[in-house]
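User: I have a structure open and want a quick tour. Can you talk me through it?

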Amino acid sequence: MINIALLFLAYFFMEFVAWSNHKYVMHGFLWRWHKDHHVNDQKKVALEDMQFSGFEKNDYFFLVYAIPAILLMIIGFYFGYFSLVFIAIGITLYGFTYFLVHDIIIHQRIRIPFLRKNHNLYTKAIINAHFAHHRPKSADDFKNFGLLIFPLRFFKK
Ligand SMILES: [Zn+2]
Ligand SMILES: [Zn+2]
């Protein structure tokens with residue numbers, strides 16, 4: 001039971017990690033990795049027509065995030081600390097969610113028609129909030145560094 005709680009905790013903690021990393025690292029000292037993810041923003045192409053050329057340098061971050069999860073799994077299994085394995089599963093599930101939501105649903109780097117059309121209130125708001133970061137109309141818009149958690153105002157647009 002505690003392990004399931006740890007899994008969820010790790011999952012939501014990762015949203016915080018993703019937010020702070022995006023804000024302080026990606027738009028900070030590792031901007032050179034994140035830059036190509038924003039390359040379309042200046043070109044004024046419609047968001048639906050954004051072109052991504054295969055891999056971005058930005059994808060390095062997925063590899064970086066995989067390392068702690070892998071280490072936790074190895075240590076957890078090796079020493080029998082299964083709580084660590086559950087934490088690792090939480091981190092990994094967040095990684096999958098991030099890829100699904102950010103790279104497939106929002107940016108459509110892989111085009112899955114079903115995921116293009118079927119949006120509920122929450123996924124619509126996620127898209128609004130993330131596009132606000134890419135095409136900010138105000139300084140506040142740009143500050144949307146999170147993915148799953150964002151100001152409620154994005155539900156309205
Ligand atoms: Zn960014
Ligand atoms: Zn993006």
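User: Let's start with Arg 135. Buried, partly exposed or exposed?

Analyst: Arg 135 is partly exposed, because its relative accessibility is 22%. One note up front: this is a predicted model.

User: Which residue forms a salt bridge with Arg 135?

Analyst: Asp 41 does, and the closest N and O atoms are 3.9 Å apart. Asp 41 sits in the loop between α2 and α3, and Arg 135 in the loop between α6 and α7 (139-142), so the pair ties together parts 94 residues apart in sequence.

User: And Asp 41, buried or exposed?

Analyst: Buried, because its relative accessibility is 10%. The cut-off for buried is under 20%.

User: How many salt bridges are there?

Analyst: The count is six. Another one joins the side chains of Glu 56 and Arg 109, at 3.9 Å from N to O. Glu 56 is in the loop between α2 and α3, and Arg 109 is in the loop between α4 and α5, so this pair connects parts 53 residues apart in sequence.

User: How accessible are Glu 56 and Arg 109?

Analyst: Glu 56 is buried, at 6% relative accessibility. Arg 109 is partly exposed, at 23%.

User: What about Arg 153, which residue does that one pair with?

Analyst: Arg 153 forms a salt bridge with Asp 141, with 3.2 Å between the closest N and O atoms. Arg 153 is in the segment after α7, while Asp 141 is in helix α7, twelve residues apart; the pair links distant parts of the chain. Arg 153 is partly exposed, with a relative accessible area of 31%. Asp 141 counts as buried, at 5%.

User: Which residues do shared salt-bridge partners join into one network?

Analyst: Glu 56, Asp 59, Asp 103 and Arg 109.

User: Switching to metals. What coordinates the zinc ion, ligand 1?

Analyst: Histidines: His 22, His 27, His 34, His 38 and His 133. Each donates through NE2, at 2.1 to 2.2 Å. The sequence spacing is H-x4-H-x6-H-x3-H-x94-H. His 34 lies in helix α2 (residues 31-34) and His 133 in helix α6 (residues 121-134), so that pair ties together parts 99 residues apart in sequence.

User: His 34, buried or exposed? Then tell me about His 133 too.

Analyst: His 34 is buried, with a relative accessible area of 2%. His 133 is buried as well, at 1% relative accessibility.

User: And which donors does the zinc ion, ligand 2, have?

Analyst: The protein donors are the NE2 atoms of His 37, His 102, His 107, His 130 and His 134. They lie 2.0 to 2.3 Å from the ion. Here the spacing reads H-x64-H-x4-H-x22-H-x3-H. His 107 is in the loop between α4 and α5 (113-117), and His 130 is in helix α6, so the two tie together parts 23 residues apart in sequence. Both His 107 and His 130 are buried.

User: OK, pockets. What volume does the largest one have?

Analyst: About 610 Å³. It is lined by 30 residues, and the closest to its centre are Phe 61, Phe 62, Tyr 65, Gly 95 and Tyr 98.

User: Which helix gives the most to that lining?

Analyst: α4, with nine residues. α1 (2-29), α3 and α4 each supply at least two residues of the lining.

User: Now the surface. Which residues form a nonpolar patch?

Analyst: Ile 67, Ile 70, Leu 71, Ile 74, Ile 75, Tyr 78, Phe 79 and Tyr 81. Together they have about 890 Å² of accessible area.

User: Where is Tyr 81?

Analyst: In the loop between α3 (60-79) and α4 (82-106). Tyr 81 is exposed, because its relative accessible area is 51% and the cut-off is over 50%.

User: And Ile 75, where does that lie?

Analyst: Ile 75 lies in helix α3. It is partly exposed, at 36% relative accessibility.

User: Last one. How many Å apart in space are Ile 75 and Phe 29?

Analyst: 30 Å, C-alpha to C-alpha, with their positions 46 residues apart in sequence numbering.

How values were computed. Residues numbered from 1 in each chain as written. Chains lettered and ligands numbered in written order. Predicted model: local features only at pLDDT ≥ 70, side-chain atom pairs only at ≥ 80, totals over all residues. Heavy atoms only, no water. Patch = residues over 30% accessible without salt bridge, like charges linked within 9 Å, V, L, I, M, F, W, Y side chains within 5 Å. Areas by Shrake-Rupley, 256 points an atom, 1.4 Å probe, with all protein chains shown as cover. Salt bridge = Lys/Arg side-chain N within 4 Å of Asp/Glu carboxyl O. Helix = DSSP H or I, 4+ residues; strand = E, 2+ residues; numbered from the N terminus. Buried < 20%, exposed > 50% of the residue type's maximum accessible area, 1.4 Å probe, protein only. Donors = N, O, S within 2.8 Å, 3.2 Å for Na, K, Ca; no water. 1 Å grid on protein atoms, 1.4 Å probe; cavity = no way out; pocket = protein on both sides within 12 Å on 5 of 7 lines; lining within 4 Å. Points joined across faces, edges and corners; volume = space filled by probe spheres on them.
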